[in-house]
Amino acid sequence: SKLVRHIAVVGAGYVGGPTAAVIALHNPHIRVDVLDKDPRRVRRWNSPHLPIYEPGLVDIVRVSRDGASARLRDASVADTPVDRIPNLFFTTDSQTSLAKADVVMLAVNTPTKTFGVGGGRATNMTTFDAAAKEVALYARPGTIIVEKSTVPCGTAQRVRKMLDEVRPGVPFEIVSNPEFLSEGTAVRNLMQPDRVLIGSDKTPSGRRAAEALANVYAAWVPRPRILEVNAWSSELAKLVSNAMLAQRISSINSISAICDKTGADIDEIAKSAGIDPRIGSQFLKAGLGFGGSCFRKDISSLTYLAESLGLPEVAHYWSQVNSMNEWQRDRFAYKIIRRLEENLVGKKVALLGFAFKKNTGDTRESLAVDVIRVLLQERPGEIAIFDPCCLSEDIIRELEPILDSATRERVHVYSDAYQACQQAHAVVVINDSDPFRQSPAKQRNSNVDGGTRTYYEPSPHVHAVSEDIVIEGSRFSYLPGQSPICAEDCPDCQSTKLRGAMSSEPVEWA
Ligand code: NAD
């Protein structure tokens with residue numbers, strides 16, 4: 001099959017950046033260019049301050065982008081040659097890179113369409129199509145075009161038609177290769193993927209293209225984990241994976257509502273069900289529900305597909321997963337309000353965690369936004385937000401749509417968890433950031449010195465809203481070793497250093 005020497009990745013986001021970095025790390029002979037039209041993002045990828053936070057990512061970027069000889073903490077890459085020639089580049093100059101590439105991976109964003117036909121469910125393909133068109137204009141004949149973005153089924157067919165119109169008679173191969181990484185564990189997922197899915201045409205040239213891409217992955221992925229399927233299966237399999245993961249969360253959350261009204265304990269139920277190997281224990285933590293940029297949109301996309309195929313029952317079935325998720329979030333917000341005696345006026349509520357889970361600075365589809373929206377209707381004195389991984393500008397941008405002139409000045413983002421919680425009447429743990437998990441959640445605060453209540457919702461996992469704990473006391477006071485946030489110099493969680501990780505991660509250099 002074709003020898004790949006030059007890969008261009010279009011879109012330097014949560015998927016494009018880490019994927020390119022790991023491919024470059026394991027293929028020192030391949031030049032990997034990551035293209036983005038956002039010059040600010042590209043500048044940051046070229047700096048020590050990467051635009052996204054993923055544990056271990058800085059180490060890998062330093063090796064392939066800078067040629068640094070690094071002793072990587074991840075043992076799986078211990079045999080990486082040291083003193084390398086840089087082979088990972090971030091640039092806005094797409095034309096030059098596209099003209100040289102043997103393989104172009106499209107990893108641009110594919111959000112839900114908000115308008116017109118299919119609005120709220122269908123995928124908005126404007127960005128993807130524009131990127132594909134650019135490739136059609138500048139790429140060499142024979143270039144392999146890879147769908148890395150999550151796209152609706154049938155996209156490969158559609159892109160092929162589009163290419164024929166833009167560059168008639170010029171052969172291109174289109175391959176589907178969806179990404180299964182999870183934010184927060186992207187590097188580990190990319191280094192040791194459960195599977196790499198490659199979907200292609202079953203023509204000789206389609207097979208050759210799939211094989212060329214498979215060889216790139218085979219540099220570090222065991223062959224049996226590289227699955228070659230047809231393009232439709234590959235596109236659909238990605239949607240199905242996300243839909244089924246999300247479905248488990250909605251299922252357990254629906255049961256948590258029953259638990260709240262009875263004597264049953266959701267953690268005991270989840271444990272009992274999950275111990276059965278046919279069910280499995282993962283993704284069975286009841287909680288605030290799922291957030292992030294993928295689950296909701298991918299289920300919507302699946303729903304829309306079913307609808308378009310004339311299968312309304314299937315569409316209805318999957319749309320319930322999203323409905324249950326929204327309901328759970330509202331239920332949680334009203335629980336907080338009830339706990340504060342339905343009177344939030346003048347009170348301070350602190351939210352620990354804003355990203356949809358730990359170890360990511362991604363604020364998209366934050367679960368906190370809906371909770372804050374409901375709380376603000378009760379006119380609290382202050383909503384205080386702290387997340388060790390998020391930039392405050394990102395948090396504010398995400399909240400902007402639900403704020404007005406009256407509420408804007410009541411919402412504050414803190415860079416210090418202690419300050420965020422100071423004199424709060426309620427502390428709400430939104431995500432599973434490690435520092436928040438070290439809480440003495442089951443322990444009642446004995447320093448009762450006043451009438452006000454602090455509500456504390458332990459959330460030991462991203463999907464967890466387990467038992468509510470009410471801590472009596474006039475203020476939420478931190479005693480070292482007792483607080484929900486570790487002491488500043490905690491060697492285990494390095495809570496305060498996490499923020500620093502956005503800029504310069506502590507890395508061991510040989
Ligand atoms: P993102 O928004 O972080 O990144 C997309 C990048 O593409 C942006 O930086 C944008 O500026 C750039 N871009 C858009 N059009 C461009 C063009 N024409 N030329 C150059 N750059 C362009 O998105 P993401 O989270 O990385 O997701 C990308 C795709 O991967 C989506 O389809 C998503 O569904 C899928 N996916 C995401 C995840 C995840 O965890 N985020 C996991 C698996 C799959």
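How many of the 10 residues of helix 13 are buried? The count is 7, so helix 13, which spans residues 367–376, is largely enclosed by the rest of the structure. Welcome to this predicted model. The points below visit the ligand and its surroundings, a pair of crossing helices, two helices with buried residues, and one cysteine in a loop.

**Around the ligand**
- The ligand is surrounded by 28 residues.
- The closest of these residues are Gly 11, Gly 13, Val 15, Ser 149 and Thr 150.
- By character, the shell around the ligand is made up of 11 nonpolar, 10 polar and 7 charged residues.
- Helix 5, running over residues 126–138, gives the largest share of this shell, with 4 residues.

**Helix 5 meets helix 6**
- Helix 5, which you have just met at the ligand, also pairs with helix 6 (residues 155–166): their axes come within 9 Å and cross at roughly 45°.
- The two helices are therefore oblique to each other, and their crossing is right-handed.
- On the helix 5 side, the contact is made by Ala 132, Lys 133, Ala 136 and Leu 137.
- Helix 6 answers with Val 159, Met 162, Leu 163 and Val 166.
- Sorted by type, the residues of this contact are 7 nonpolar and 1 charged, with no polar ones.
- A helix rule is handy to keep in mind while viewing: an α-helix has 3.6 residues a turn, so residues three or four places apart point the same way.

**Helix 13 and its neighbours**
- Leu 367, Ala 368, Asp 370, Val 371, Ile 372, Leu 375 and Leu 376 are the buried residues of helix 13.
- These buried residues pack against three helices and two strands: helix 12 (312–339), helix 14 (392–399) and helix 15 (405–408), along with strand 9 (348–352) and strand 10 (382–386).

**Helix 1**
- Helix 1 covers residues 16–26 and is mostly covered, with 11 of its 11 residues buried.
- Its buried residues include Gly 16, Gly 17 and Pro 18 at one end and Leu 25 and His 26 at the other.
- Also buried in helix 1 are Thr 19, Ala 20, Ala 21, Val 22, Ile 23 and Ala 24.

**A cysteine in a loop**
- Strand 10 and helix 14, both packed against by buried residues of helix 13, are joined by a loop that holds Cys 389.
- Cys 389 counts as buried because it has 24 C-beta neighbours inside 10 Å, where 20 or more are needed.
- Lys 357 is 32 residues from Cys 389 in sequence, and their C-alpha atoms are 9.9 Å apart in space.

Terms used:
Residues are numbered from 1 along each chain as its sequence is written. This is a predicted model: local features need pLDDT of at least 70, side-chain atom pairs count only at pLDDT 80 or more; totals for chains, interfaces and linings use all residues. A residue is near a molecule or strand if its C-beta atom, placed from the backbone, lies within 6 Å of it. Ala, Val, Leu, Ile, Met, Phe, Trp, Tyr, Cys and Pro count as nonpolar, Asp, Glu, Lys and Arg as charged, and the others, Gly among them, as polar. Axes are lines fitted to C-alpha atoms, for helices over the stretch in contact, and angles run from 0 to 180 degrees between N-to-C directions. Angles under 35 degrees count as roughly parallel, over 145 as roughly antiparallel, 65 to 115 as roughly perpendicular and the rest as oblique. A crossing is left-handed if the near helix is turned anticlockwise from the far one by less than a right angle, and right-handed if clockwise. Two residues are in contact if their C-beta atoms, placed from the backbone, lie within 7 Å. A residue is buried if 20 or more other C-beta atoms lie within 10 Å of its own, exposed if 12 or fewer, and partly exposed in between; C-beta atoms are placed from the backbone.
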